[in-house]
Amino acid sequence: DVPDFPVSEILTFIFTLAYCTVLIRKDKYTLFFLTSTVISVFLAKGTNSPLGFVFIWAWFNVPYFAVFRRPSRWEMMTAFSNAFFIALLTATLIDYLKRQQGDKEITLEIRTRGNPREKERELRISISLKRAAEALRKLLRFLAVSFLILIFVSGYLSCFFFFHQGLLVNVFPEEYLQPYEWLSQQEGNFKIVTVNKSPSEWLEQPGAKTDFCFCRMLAETGWYHDLGFDSSFIHDKPVLQDGGWTPSSRSFVDYLRLSVVREKTTKNLLKVLGAFGYKYIVIPSYASQEAAEFFLNQKGATVIRNETDATILRNAYYNPPFSLVNSQSLVVGGFQSLLSLSKIDSFKFNETALLFAHELDSLDELLDSPNTRTVIFTDGTPIDLAMLSLKDEARLILAAKYGVPSFNYTRYWAPAPFWRNLGHLVLGKKTLTTRGETKVDIPFKVDTSGCYSVWLRLGFGTERGTLKVSIDHLPIAEFAPFASHHTRLKWVNLTNIELQRGEHTLSLSNDGEGYNDVDAIMIVRPETFQSKLNEIIKKLETFHGRIVYLVETENFFNQDAATQQTYVFPYEGTVLELENAATNVASEGKATASSTQIKDYKTLKAEYATDGNYATRWASKPYEPPPQWLTLEWASPKEIIGVKINFETAYAKNYLLQVWNKTGWTTIVNKTENTSFSPLHIFEKPVNATKLRLNVTEFSDFPLVSIWELEVFEKSTSVSTKLFIPKSGEYKIALRTVCGKDYGKLFFKLDNEAFSVDCRGSSSPLFKWQTLGPVSLSKGEHELRLGSIGKAVIDTIVLYSSEDSEEPPSLSKVFEVQPSNNTVLNFRKIDPCTYHVSAKLVEPSLLVFSESYNPLWKAYVNGNEVSPLKTYSLVNGFPISETGTLEITIRFKGQMYADLGLYLSFTSFLSATVFLLLPLNKVKRLFRKRRRLPPVLAF
Ligand SMILES: [Ca+2]
Ligand SMILES: [Ca+2]
């Protein structure tokens with residue numbers, strides 16, 4: 001073992017020595033740099049111990065303290081101080097030596113005696129200390145100057161290297177470039193999606209999760225920017241990228257990467273991406289197999305180029321960058337809404353523009369517009385709308401703002417993008433999240449004394465801890481928002497509390513048993529909230545269009561029953577599966593049998609087949625010939641919809657399921673040649689009976705029949721959710737379920753109205769929309785319930801109102817749009833910041849421009865400047881009210897500021913150069929000469 005060179009010990013010694021110079025020199029410079037070191041070390045180390053608690057305290061109590069959060073800046077400050085003290089130490093040492101020694105000489109005498117007979121030899125070495133100090137000083141000066149020059153020159157050297165290598169420092173194989181060269185030859189305005197790998201896939205780690213459009217790739221020489229990510233250099237077209245952009249574009253890409261593609265939850269992604277102008281998908285040879293397969297399985301994908309270097313897909317749903325849309329929908333939900341809507345075939349992104357409630361300044365104008373045809377609730381509820389409309393009338397706190405910027409969720413309440421990555425509506429973009437035993441204080445202020453309601457928007461999911469909420473250290477609520485799946489963020493009304501005018505503190509603490517996620521906090525007067533909610537409901541009630549609820553079952557139904565689970569059905573979505581989620585009424589009946597077996601002095605009695613215990617059974621007496629039967633009798637009639645028999649190995653080959661009709665037995669099921677140990681029989685229609693008999697007419701290989709459990713199902717439902725319907729009227733329901741062999745019947749109940757949906761079929765599993773209703777619903781809260789006999793898989797429920805004058809429409813009519821005569825005649829890209837669009841409008845419309853939303857994009861129509869609305873939560877939509885043939889200029893106004901900055905920089909650069917190049921001495925001399933002139937001549 002070779003010991004490591006003791007770098008840190010040596011450095012510690014040098015720095016300690018350097019800082020000791022403060023003991024010799026105590027002037028304002030040393031004190032300044034010493035203080036600066038202490039402060040910058042404290043800031044750089046942040047929340048780490050020791051004194052981390054002071055940092056956290058300051059974070060919450062010192063105004064604008066958050067600007068100090070970047071450690072690197074403070075490390076640099078420390079480095080400056082270190083440099084100062086080292087220089088000081090050197091100077092002090094040299095000075096000291098000079099003063100001490102004058103020109104003294106040190107003489108070393110060395111005596112040697114090689115041979116005893118020889119005389120001692122003397123060697124004298126004289127060193128002049130003054131000269132040595134001088135030499136040392138010169139050497140240090142030389143080194144310092146050389147290093148300074150090197151530091152300055154290094155920038156130029158590295159730039160030279162960059163330019164010499166052609167910007168991409170890593171030279172990629174020619175084959176990697178070819179697909180992008182092919183794209184550079186394609187005509188038109190389009191965007192590109194590139195497929196890549198996740199970091200863990202690059203490193204070939206086991207259990208790696210897949211990714212696409214990731215910014216980096218691993219080459220032989222290390223990590224580089226992915227070629228696809230940077231390929232705009234080759235084809236001059238935008239590429240879908242992770243990172244950067246505006247927060248909502250960023251979260252959209254994260255949602256696609258980390259949830260949609262990774263979990264394979266859809267086959268409609270190209271429909272969504274096409275809306276934003278994504279036309280080609282490049283799958284290079286190094287792409288991950290899983291991500292490649294995902295894109296190849298998407299609807300609307302056509303392989304247009306298939307070479308060994310890359311496969312390129314063309315998107316059939318591609319939309320050009322400009323389109324006129326005169327139907328729009330108000331959406332209360334997150335990005336998941338896009339995927340949910342994409343499942344409805346009749347919904348077309350280029351026909352209906354989506355405007356998200358949490359991104360609008362005013363809802364009124366939109367709800368009153370005749371172009372607004374639907375209000376769609378996905379994650380959100382009317383309560384969310386009311387909260388969003390409160391504005392100045394209440395205090396809405398976006399909780400993530402109070403998080404410690406850390407990924408250590410076990411130590412802090414920290415901002416987390418998790419729910420947003422799932423596509424859910426997160427008002428604060430990130431949630432305030434922890435899983436540790438931690439506490440956070442959130443200050444807030446109320447302007448008047450009185451009673452206030454405290455609301456929390458909380459994440460309901462798995463692994464929840466107990467959340468305790470207190471105001472001014474007085475506990476007000478405690479609960480664990482548990483669900484068996486990461487469902488939604490929901491508003492919860494905690495309490496009403498009297499508050500005095502002034503400053504208060506709301507504290508959240510988690511017990512460390514699991515996670516808690518807080519999106520937003522609302523402190524509002526109860527009467528203010530109620531009147532705002534009433535106002536919103538009134539607005540929805542009088543809304544001229546359609547109200548649509550898009551219910552992703554897995555997120556909405558309370559999931560605490562054992563008969564169900566949530567999972568991803570590849571390429572179809574996240575689904576709720578129910579297995580015999582109906583009531584088993586067998587144990588309520590009295591069981592009797594034709595005979596019983598006595599085994600080990602124990603009777604295998606009839607009632608053991610209905611005791612709910614899968615370890616106890618009924619058996620007929622051995623060698624007693626068939627028929628052998630088991631009968632159940634109930635005190636009151638049961639509405640039986642199906643029977644499941646759980647045979648022991650001594651199963652029945654032929655049997656009948658019969659019910660008593662007061663005079664005799666009616667056969668409902670006649671099963672022959674059975675080979676199953678657990679057959680399930682779903683009746684064509686419910687059978688009303690007081691007695692049910694299983695009549696075994698032929699045994700299998702044993703001389704008896706035996707049953708662990710006989711289950712008899714009565715029509716019922718097991719999971720439920722509640723929806724608030726703001727508008728009375730006729731509603732229809734569409735369910736997206738799986739049909740196929742091995743599937744049973746689904747029960748759906750809306751308040752007291754019950755429906756059954758047959759999911760049986762002979763094919764392999766197939767997703768199908770099935771419509772139910774209409775039902776008449778009054779304004780208010782309604783309960784939706786689901787149940788099943790056999791297996792039922794349900795993905796989405798759409799509940800939609802009919803507009804006043806029409807019959808309840810079929811799902812394909814819900815988003816049907818009247819053909820419009822508005823057309824984009826042509827458009828021209830002048831430069832990346834300017835477009836000219838010619839359009840013919842016969843009615844007001846929204847000009848959708850599929851470039852990332854930025855308020856600085858402006859449309860100029862007949863000399864008027866039009867600002868964009870954030871459309872689809874991602875791009876620009878300009879409301880155009882003029883009609884006729886219009887010449888519209890779209891310009892990114894931000895470029896004007898950039899241009900101005902460029903002119904200023906150029907002018908400054910020019911002046912500085914002129915100033916530097918002028919022979920300064922001559923100028924000076926000129927001034928001096930003039931000064932020497934007598935005053936009279938100067939005039
Ligand atoms: Ca049993
Ligand atoms: Ca679903």
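**Exercise 1. Determine whether Cys213 is buried or exposed in this predicted model, and classify Cys215 likewise.**

Solution. Step 1: the relative accessibility of Cys213 is 1%. Step 2: the cut-off for a buried residue is under 20% relative accessible area. Step 3: Cys213 is therefore classed as buried. Step 4: Cys215, with a relative accessibility of 18%, also counts as buried.

**Exercise 2. Establish how many disulfides the structure holds, and explain why Cys213 forms no such bond.**

Solution. Step 1: a disulfide is a covalent bond between the sulfur atoms of two cysteines. Step 2: the criterion requires the two sulfur atoms to lie within 2.5 Å. Step 3: for Cys213, the closest cysteine sulfur belongs to Cys215, and the separation of 9.3 Å is too far for a bond. Step 4: seen from the other side, Cys215 has the sulfur of Cys213 as its nearest cysteine sulfur, and Cys215 takes part in no disulfide. Step 5: the count for the structure is zero disulfides.

**Exercise 3. Describe the salt bridge between Arg250 and Asp254 and its setting.**

Solution. Step 1: the closest N and O atoms of Arg250 and Asp254 are 3.5 Å apart, and the cut-off is 4 Å. Step 2: both residues belong to helix H10 (residues 247-263); because they are four residues apart, about one helical turn separates them. Step 3: Arg250 is partly exposed at 34% relative accessibility, whereas Asp254 is buried at 6%. Step 4: Arg250 and Asp254 belong to a network of salt bridges that also links Asp211, Asp242, Arg257 and Arg420.

**Exercise 4. Identify which parts of the chain are tied together by the salt bridge of Lys343 and Glu552.**

Solution. Step 1: the side chains of Lys343 and Glu552 form a salt bridge with an N to O distance of 2.8 Å. Step 2: Lys343 is located in the loop between helix H13 (336-342) and strand S11 (352-356), while Glu552 is in strand S23 (residues 546-552), so the pair joins parts that are 209 residues apart in sequence. Step 3: Lys343 and Glu552 are both buried.

**Exercise 5. Carry out the corresponding analysis for Lys638 and Glu588, and state how many salt bridges the whole structure contains.**

Solution. Step 1: the closest N and O atoms of Lys638 and Glu588 are 2.8 Å apart, in a salt bridge. Step 2: Lys638 lies in strand S31 (residues 628-647) and Glu588 in the loop between strand S26 (583-584) and strand S27 (590-593); the pair therefore ties together parts 50 residues apart in sequence. Step 3: Lys638 has a relative accessible area of 10% and is buried. Step 4: a search of the whole structure yields 37 salt bridges.

Conventions: Residues numbered from 1 in each chain as written. Chains lettered and ligands numbered in written order. Predicted model: local features only at pLDDT ≥ 70, side-chain atom pairs only at ≥ 80, totals over all residues. Heavy atoms only, no water. Buried < 20%, exposed > 50% of the residue type's maximum accessible area, 1.4 Å probe, protein only. Helix = DSSP H or I, 4+ residues; strand = E, 2+ residues; numbered from the N terminus.
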